[in-house]
Amino acid sequence: MLFLQLASLAVLLSGSDNADVIQEHILFHVIQISSFANQSWAKIQGSGWLGELQTHGWDSESGTIIFLHTWSKSNFSNEEFMGLELLFRVYLIRLIQEIQDCASQLQFEYPFELQVTAGCELPSRNTTKSFLQVAYQGTDFLSFQNMSWVPSPEGEIRAQRVCDLINQYEGIKETVSKLIRNVCPRFALGLFDAGKMYLQRQVKPEAWLSGSPILGSSQLLLVCHVSGFYPKPIWVMWMRGEREQPGIQRGDVLPNVDGTWYLRVILNVEAEEAAGLFCQVRHSSLGDQDIILYWGKTSPFRELDPTGSDSTSNTSDGPCIMV
C-alpha cells in the first residue's frame, strides 16, 4: 500500500520537542516536485530551504541528501540523516509506483506535476506552526491538518478520493506528524544556530547604471543595477534632488549563485530631462553611506550622453558609473 513502509521507519525519527523560547523567526521547509510524463517515466526534484536560502538538495540517482553549506547538517547525527535518507527513498519509490498505478482511477491526466511543500515555522512566542500542502498542476489540492488529510476546494472530487484513500493508513499519518511537528522544529533550530554567522553576514552591494534610447520615441530607458548584497532588504530609487521620481519599474529581487541578491530599477525619461538624475541605494551593510550614481557623469566606463549616443563607440547603450 502507499507509503506502508514509512510507518516502520518512524523510530528513526525520535527526538524531543524543543520548548525553548524562540527569539528569531525561523522558517524551514522542503519542496518536492514530481513530474509525470507518462505511465513509465517520472522525475523527482527535492530541496530544503531556511527562509529564502536553499540549504539542501536531493540526488535522485543515489537517493541521498545534498548539503549545500558546511553547516547544513544542523545538529543532527550521521545516523539520523541515514534514517531520513532511507525514509525519503522509500517514500519516493512508493509514491511514483502508486501514482502511476492509480493515475487513471484518480483522473490524473498525463503529463502532470505534483508539488509538495512541508515544513515548520517558529515565531517568537514559543509556538510552532507545522504544515504540509500538496498542489496538482500548481493548484491547491490537499493538506495535512490535525492528523488527517484534508482536500482543498480547488481539488474537487479528485482530491477527496485521494484523501479517502490515504486517510486509511494511520502509520502514514503518524510518521508525517512526527516529521513536521517534532523533527522539523528540532532540525530548524539547530540549522539556524549552526548557520547564524552566515545568515547574519552583511555584504555590500555593487551598483552601476545603463541606458538606451527607446525606439520610436524621444525617451531614454535608464536602468540602475544593484548586485551582490546580503541580506535581501534594500531600498533603490531614481532621484532628482530630494524628490523620488514617479513611474519607476522595480524588478524582482533575484538570487545570485553565491547566495547574494540582484535588483534592477528602471526609469523611462525624456532624453533632455535625464541630466541631474541619480540612483540612490540604501542597504544595512552600508550604514549611513548610501551609494549615489549620477547619470551622465564622467567615469572610466563607457558613457551615454543625454541623447543616448555612446561617447566612445557606435553602440547604443553602456553603463555610466560613479561610486
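Which residue in the turn of the hairpin formed by S9 and S10 has a positive phi? I will start there, and please keep in mind throughout that what we are looking at is a predicted model. The residue is Gly-216, whose phi is about 80°, and it belongs to a hairpin in which five residues lie between S9 and S10.

Let me stay with those strands for a moment. Strand S9, which covers residues 206–213, pairs with S10 in the antiparallel sense over eight bridges, and within that pairing Leu-209 stands opposite Cys-224 of S10. Strand S10 itself, residues 219–229, is mostly covered, with nine of its eleven residues buried. S10 is also joined to strand S15, residues 261–270, by ten bridges, and these two strands run antiparallel; if you look for Ser-227, you will find that its bridge partner in S15 is Tyr-262. As general background, strands of a sheet pair through backbone hydrogen bonds, either parallel or antiparallel.

Moving along the chain, we come to an open sheet of four strands, which has the order S12-S11-S16-S17 and antiparallel pairing. Its edge strands are S12 and S17, the latter being residues 291–294, and each of these pairs on one side only. To walk across the sheet, begin with S12, residues 243–244, which is joined to S11 by two bridges, with Arg-243 in S12 as the bridge partner of Arg-240. S11 and S12 form a hairpin with two residues between them, and in that turn Gly-241 has a positive phi of about 65°. The next step takes us from S11, residues 235–240, to S16, residues 278–282, and here five bridges join the antiparallel strands, with Phe-278 in S16 as the bridge partner of Met-239. The last step, from S16 to S17, has four bridges between antiparallel strands, and in this case Val-281 has Ile-291 of S17 as its bridge partner.

There is a further set of strands earlier in the chain that I would like you to find. Strand S5, residues 112–122, and strand S6, residues 129–136, pair in the antiparallel sense over eight bridges, and Thr-117 has Gln-133 in S6 as its bridge partner. S6 then continues the pattern with strand S7, residues 139–145, to which it is joined by four bridges, the two running antiparallel; here Val-134 stands opposite Leu-142 in S7. The hairpin of S6 and S7 has two residues between the strands, and Gln-137 takes a positive phi near 55°.

Now to the aromatic side chains. The structure holds 16 aromatic pairs, and one of them is made by Phe-108 and Phe-112, whose ring centres are 5.2 Å apart and whose planes meet at 45°, so the pair counts as tilted. Phe-108 and Phe-112 are both buried. These two residues also belong to a cluster, linked by ring pairs, that brings together Phe-36, Phe-108, Tyr-110, Phe-112, Tyr-136 and Phe-141. Rings are involved in another kind of contact as well: Arg-201 lies over the face of Tyr-230, at 3.8 Å from the ring centre, and Lys-232 lies over the face of Trp-261, at 4.6 Å from the ring centre.

What about the empty space inside? A search of the whole structure finds two cavities of 30 Å³ or more, and the largest cavity has a volume of about 1100 Å³. Of the 50 residues that line this largest cavity, the closest to its centre are Val-30, Gln-32, Phe-88, Tyr-91 and Val-116. Helix H1, residues 78–102, gives the largest share of that lining, with ten residues. By residue type, the lining of the largest cavity divides into 39 nonpolar, ten polar and one charged.

Finally, there is the largest pocket, in which about 330 Å³ of space lies. It is lined by 16 residues, and the closest to its centre are Leu-50, Gly-51, Glu-52, Leu-199 and Tyr-230. The lining of the largest pocket divides into ten nonpolar, four polar and two charged residues. You may recognise Tyr-230 from a moment ago, as the residue whose ring face has Arg-201 over it.

Technical notes:
Residues are numbered from 1 along each chain as its sequence is written. This is a predicted model: local features need pLDDT of at least 70, side-chain atom pairs count only at pLDDT 80 or more; totals for chains, interfaces and linings use all residues. Side-chain values use heavy atoms; hydrogens and water are left out. On a 1 Å grid over the protein atoms alone, a cavity is a set of points where a 1.4 Å probe fits but cannot get out, and a pocket is an open set with protein on both sides within 12 Å along at least five of seven lines; lining residues have an atom within 4 Å of a point. Grid points are joined across faces, edges and corners, and a volume is the space filled by probe spheres set on the points. Ala, Val, Leu, Ile, Met, Phe, Trp, Tyr, Cys and Pro count as nonpolar, Asp, Glu, Lys and Arg as charged, and the others, Gly among them, as polar. Rings of Phe, Tyr and Trp (its six-membered ring) pair if their centres lie within 6.5 Å; planes under 30 degrees apart count as stacked, over 60 as edge-to-face and the rest as tilted. Buried means under 20% relative accessible area, exposed over 50%, partly exposed in between (1.4 Å probe, protein chains only). A charge sits over a ring if NZ of Lys or CZ of Arg is within 6 Å of the ring centre and within 35 degrees of the ring normal. Two strands pair if DSSP finds at least two bridges between them.
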